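Got your viewer open? Load the model shown here and keep the selection box handy.

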Amino acid sequence: WVDTEDLAEVASPNVGQALQGRVAGVQVTPSSGEPGQDAVIRIRGVGTLGDASPLYVVDGMLLDDISFLSPNDIASMDVLKDASATAIYGSRGANGVIIVTTRQGDLDAPARFTVSAYTGVQEVQNRIDLVNAQEYAMLANELAANQDLPEPYFPDPSAVGAGTDWQDEVFRTAPIQNYQVSATGGAEQISYYFSGNFIRQQGAIPKSNYDRFTLRLNGDYNLKDNFRLGNNINFTFTDDKRAPGVLRALYYADPTIEPREAEGEFSNASVRSSAGNPAAAVFYTNNGGEANRLVGNLFGELDFLTDFTLRSTFGVDYERDDFRSFLPEYIVSPTQQNVDSDLTVESRTNRSWLWENTVDYNWIRDRHRGSAGAGVSAG
């Protein structure tokens, strides 16, 4: 069991990262340093050479990830670790199961509105301690001497000064914002929970940004004393900008080179180094994608023959991803250039559905009770 109040207090764009350090036996590690990226979750270690991710059950829907969820919408979360607890889910539950129930309204409860917001900044906490330009020049001269070159690379290393710290040129202080508005309540026959969430997270490297907008509507409708309908619907839109992979170049680039020439053009940073100009790589790269995802279900319950309840649930998970990458024509150096402009456009659609039908028998007489259940599912 996870304390959901603690999840909501963590400044995290998704539930996976907020779960870190909350449950014994559950390992949570970031999948990457990109903004908005979900975490890698392992329950009781890695049990397979394939995909070792757990199964997620959100309001009865079987899912492979919960990156679309807002932590503020979660009412309860349970982590099933042992085989007996996960047996009902078959082989899909072999790596553990995380059961999530989202918030619901209360019958005959007055309307209640909640607004939550936070903002902050993120930055690279532990930077790599690199040599400055003068130290780099001294090491380059030692290399020239070891290779029996006629002249050193730098006649006077002290003249180059501190030079360029490429980490300062690329890394930035990145803001993060999260806003949520929710309404919950109910009447005699209807209860509801509605929420809207917006999160914006910028990355430590320019051109890496993540925006996510989430809408949720949960409702229960008592049409008759023995017949109920309900829904749990979540829609998510994300706009994701991705920076190029420049960390290697960041640490290999020549610190004696300025990022730009006096005329404003990017400098050739690969004269004595195997890396190009990291600032130029960030400037010319344009990667981004948009995604729409709808996860939800509709259910109906019918009480009959006093002690029997028939429940039918139909759920869908629909996702559409569009990715676009553009790299213009440019020349920084013979080893860092793009002769022709490149444009890549990709689209991907995932669909899944689940239909479950169950019959429960609950017999209660005085201090005695009995229960039984049967069901069938398709998907």
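A salt bridge here is a side-chain nitrogen of Lys or Arg within 4 Å of a carboxyl oxygen of Asp or Glu. By that rule this predicted model comes out with 15 salt bridges.

Let's begin with a cluster. Select R228, E301, D303 and R311, which are linked in a network of salt bridges. Zoom in on E301 and R228 and draw a distance: their salt bridge runs 2.9 Å from N to O. The two sit in distant parts of the chain, E301 in strand β12 and R228 in strand β11, 73 residues apart.

Keep E301 selected and add R311; the closest N and O atoms of this salt bridge are 2.5 Å apart. R311 belongs to strand β13 (residues 308-327) and E301 to strand β12, so this pair ties together parts ten residues apart in sequence.

Is E301 buried or exposed? E301 counts as buried, because its relative accessibility is 17% and the cut-off is under 20%. R311, at 28%, is partly exposed.

Next, pick D239 and K241, another salt bridge, with 2.8 Å between the closest N and O atoms. K241 is partly exposed at 33% relative accessibility.

Last stop: switch on the surface and select F194, F213, L215, L217, I233, F235, L294, L298 and Y318. Together they form a nonpolar surface patch with about 710 Å² of accessible area. β10 (209-224), β11 (227-242) and β12 (286-304) each give two or more residues to it. Which of the elements gives the most to the nonpolar patch? That's β10, with three residues. Finish on F235, found in strand β11 and partly exposed at 31% relative accessibility.

Definitions and conventions: Residues are numbered from 1 along each chain as its sequence is written. This is a predicted model: local features need pLDDT of at least 70, side-chain atom pairs count only at pLDDT 80 or more; totals for chains, interfaces and linings use all residues. Side-chain values use heavy atoms; hydrogens and water are left out. Patches are made of residues with over 30% relative accessible area and no salt bridge: like charges are joined within 9 Å, nonpolar side chains (Val, Leu, Ile, Met, Phe, Trp, Tyr) within 5 Å. Accessible areas come from the Shrake-Rupley method with a 1.4 Å probe; for residues, only the protein chains shown count as cover. Helices (H or I, at least four residues) and strands (E, at least two) are DSSP runs, numbered from the N terminus. Buried means under 20% relative accessible area, exposed over 50%, partly exposed in between (1.4 Å probe, protein chains only).
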